[in-house]
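Dear colleague,

I am passing on the structure below, and after it you will find my notes on what I found when going through it. Please read them with the coordinates open beside you.

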Amino acid sequence: MISFDVGEDLEAIVEMVKSVADDVIRPRLREFEDARGLPEDVLQQIHELGLTTLAAPEDAGGQGLDLRTACVVAEELAAGDVGAAVAISGPGPAGWALLEHGTDEQRKRLLEPFAADDAWARRGALALLEGAGGFGPDAVGTTARRDGDGWVLDGKKRFVLDGDTAELTVVVAVDADAPLGQWDSLRVLAIEGRPEGMTASEPHLLLGLHTAHYCDVELAGVRVPGGNLLEADDARRALGRTLARWKLENAARLVGCMRATSEYAFKYATERETFGKKLYEHQGLAFMMADMATEVNGARWAIWRAAWELDRTADGSQPSGGEARQRAAIAFRNAIDTSVRITSDGVQVLGGHGYITDHPSEKWMRDARTLGVVNGLGLDDDRAIAEEVLR
Amino acid sequence: MIDFELSPQQKKIRDMVRMFTTNFIRPYSLRADKEKKPPQEFLDACAQFGLGAGAVPKDVGGEGEGVGEDKDPQGESQKNRISIIGSEEMAWGDPGVVLSLPGPGLGGPPVQFMGTDDQKKRFLGIFGPNDIKWGAYALTEPGAGSDAAAVRTTCRKDGDHWVLNGHKFFITNGAKAEWNVVFATVDPKLGRAGQRAFVVEKGTPGFSVLKIEEKMGLRASETADLVFEDCRVPAENLLGGDALYDGSKQGFRGAMKTFDATRPLVASMAVGIARAAFETCRDWVKENYALSQHTHRFHRIADALGVMKREIEIGRGLCWHAAWLLDLKRANSKESSMAKAYTGGMVQRVTAKAIEIMGPDGTLHENLVEKLYRDQKVYDIFEGTGQIQRVVISRRIFSQIT
Ligand SMILES: Cc1cc2nc3c(=O)[nH]c(=O)nc-3n(C[C@H](O)[C@H](O)[C@H](O)COP(=O)(O)OP(=O)(O)OC[C@H]3O[C@@H](n4cnc5c(N)ncnc54)[C@H](O)[C@@H]3O)c2cc1C
């Protein structure tokens, strides 16, 4: 049955997250941006509320909640500030990879440490991207070489979120003994701690998202025990779903950002006057704001639709995974495009005032453009959508 | 006859400016953004090459060559066409630095259009070609941007002085300027008719700089908050003298006419920014896709580059048309606004796309397109926002039809 009802349980979580977003994050967003990260007290609070381990399985100390929940929470947090939403701790995309790859034993062993009370600063990372953006079997040059009963990793990963501090880094590499350019040749390996041979650059200074640490990570002969090879029956399906989850989480953050800038602009439009009228009374501007509101909703529903698709096929149904991939591509691609436009319009409504740092609008414009490209995953989405259309 | 060949002088200026920006602006662009000031190398070069010259007409004591004073081959003035060709090139070099070009800046036109001969000499004559000095234009206030008639800074005649009280906001080069053209009102209820324009010189008692704004981009350019507290301005600094403001408002309308010249100028800067982003992105694509031009990814990128190129060309066409009309002394308010409205949106789309194509690399602080994305947004805001341009365009369209 078609329903957009989030339900009582999620409603309660939303209320809680909303108060963090409004009261803790929003008032301090410039402080976080300047400090290039979230402070201890905020990280602790978010961890205590369980927001860092929402999706981890219950036997690993997590809450075992589905992707729809994760997306709703991600949007809500990002509605406070998208930079803060990206910078929270927890297993992050490494957690998504573990839901699609590996065994129950591995999930429990690798995710449990994130649930400990004192693990509020513990982070996971997914090391994926290498070249000029984009991901696929032909874009992986990092090698995994079998060595005794373990593996040795060599290569360089770029723009790895939390690559500098992660205690769990999931790496996608190509098996040195397998043919290049094939999904089945990819190996997904979990690096625990900060082993010898693994080094990270300083966090890049980017257009936006200064709170988040995107680093390049070098792997020079990094040894990974055989027990940390995360296997999946169908590599393409599993990796596709991992990325789909990550895309949707980020798409939801973009929607949160669009919502933030829209609501900020709408409020401003009821206060400021030009030519004897409130701004919203100028139809030229009112139409623009009406479009902003519409596109925020449209973007959210596309995310929910895709998240539902992934949730309902999490049991292994829909073997090819094509539909879920397509849905995620639609939602992510749309969120990227609309967020760029809407965050620019968010500045526009404030006029010159939107361009200075006294208001957050300029920050959200930078953040949205950055989040839309920093994963390097959006550019191939048109193609993913078309492929499924023409199948 | 329809012709898009640049005249010999237009070509000469374009090539000169291109040489100048390539050598003295672009190489320092990223550093200027970080340091939040125009690069010294650029200022030195301005002094050396006498760049202040173009701004000041010969008849009021300017020493320069008088850029664009020569007629085009058809015998028409080509001043405005030359100016926009130059400003596209300059902004291509750097959109923040270009606003720090020494000279009277946006303060020039009101002095030129409204000032008495004596005032033109006094205020424009101080800009020698080799001087590093600025003038500024202070209209905007915290409560009055698009709606310039809402200006609340007051002026009151007191003997042989005027006394100014108020707050000006977002004034480009306002703190470092030798003088600001300041708009104030004798009575807010009178709207435009109550407004007076003054030249307030640096160091005038009661005039102070409240702060320099922190901005998303355009950081090399100074944006100042100015305060006037019982600021006493000599009566001879009232632009045009009392006579200009007698009843008719004609003089003041003339001043508003400056938009017809400045909007195409600002619009062509947006074209320059878009071109800079486009070229940076194109070169990156050539380098990174040299061996994989058959991939699906390359084809989509190529399509996107095609759209960017198309939009840049459309924008430039609108700018050229608006400037050409002005050179021929024909009405061009609608066309100026079209150029400004289109390019303000175009430069947003082109720079956003350039980042997308370059992926994460495009967001790095050491990458020019990252900076251009921050810089460009204001081109849809100052000199009349995109919305205000549309108000102008639609009014003109429908006053022609009805
Ligand atoms: C970097 C920078 C440099 C600047 N330099 C100068 C300078 O040197 N001198 C100077 O005097 N000023 C300067 N300005 C100010 C600039 O000109 C104003 O910011 C601009 O005119 C817009 O005014 P505002 O910011 O008050 O926005 P507002 O006028 O408050 O506009 C807010 C929003 O409402 C919209 N709006 C307003 N009226 C209407 C309407 N009738 N119909 C539809 N929509 C409408 C606007 O388009 C905008 O989206 C500068 C600004 C910046 C950011």
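The residues of the shell around the ligand divide by character into 13 nonpolar, 13 polar and two charged, and I should say at once that the model they belong to is a predicted one. There are 28 residues around the ligand, and those that come nearest are Arg272(A), Gln348(A), Thr140(B), Ser146(B) and Thr385(B). Because the ligand is surrounded by residues from chains A and B, the site is one that the chains share.

As for the elements that build this shell, at least two residues each come from helix H10 (322-350) and helix H11 (352-355) of chain A, and likewise from strand E1 (135-138), strand E3 (161-172) and helix H12 (386-401) of chain B. It is E3(B) that gives the most, with three residues.

Which atoms of Gln348(A) and Ser146(B) lie close to oxygen atoms of the ligand? For Gln348(A) it is a polar backbone atom, 2.5 Å from an oxygen atom of the ligand, whereas for Ser146(B) it is a polar side-chain atom, at 2.6 Å from an oxygen atom of the ligand. On the side of chain A, an N or O atom in the side chain of Thr274(A) is 3.0 Å from a nitrogen atom of the ligand. The ligand taken alone exposes 970 Å², of which the protein buries 94%.

Turning to the interface between the chains, 43 residues of chain A are in contact with 48 residues of chain B, and the two chains bury about 3700 Å² between them, with 60% of that on carbon and sulfur atoms. Of the area that chain B buries against chain A, 17% is supplied by Met216(B), Glu356(B) and Pro360(B), which is more than any other three residues supply.

Six salt bridges are counted between chain B and chain A; one salt bridge joins the side chains of Arg300(B) and Asp380(A), with N to O at 3.5 Å. Across the same interface, 22 residue pairs are in polar contact. On the side of chain B that touches chain A, the elements giving two or more residues are E3, helix H8 (258-288), helix H9 (296-327), helix H10 (333-358), helix H11 (368-376) and H12 of chain B, and H10(B) gives the most, with seven residues. The residues on that side of chain B divide into 18 nonpolar, 14 polar and 16 charged.

Finally, over all chains the structure holds 71 salt bridges. Side chains of opposite charge can pair when their charged atoms come close. An example within chain A is the salt bridge of Glu33(A) with Arg30(A), whose closest N and O atoms are 3.0 Å apart; because Glu33(A) and Arg30(A) are three residues apart in helix H2 (residues 29-35) of chain A, about one helical turn separates them.

With best regards

Conventions:
Residues are numbered from 1 along each chain as its sequence is written. Chains are lettered from A and ligands numbered from 1 in the order in which they are written. This is a predicted model: local features need pLDDT of at least 70, side-chain atom pairs count only at pLDDT 80 or more; totals for chains, interfaces and linings use all residues. Side-chain values use heavy atoms; hydrogens and water are left out. A residue is near a molecule or strand if one of its heavy atoms lies within 4 Å of it. A polar contact is a pair of N or O atoms within 3.5 Å; within protein, one must be able to donate a hydrogen and the other to accept it, and residues adjacent in sequence count only if both atoms are side-chain atoms. Accessible areas come from the Shrake-Rupley method with a 1.4 Å probe; for residues, only the protein chains shown count as cover. Helices (H or I, at least four residues) and strands (E, at least two) are DSSP runs, numbered from the N terminus. Ala, Val, Leu, Ile, Met, Phe, Trp, Tyr, Cys and Pro count as nonpolar, Asp, Glu, Lys and Arg as charged, and the others, Gly among them, as polar. Contact means heavy atoms within 4.5 Å. Buried area is the accessible area (1.4 Å probe) that two parts lose on being put together, summed over both. A salt bridge is a side-chain nitrogen of Lys or Arg within 4 Å of a carboxyl oxygen of Asp or Glu.
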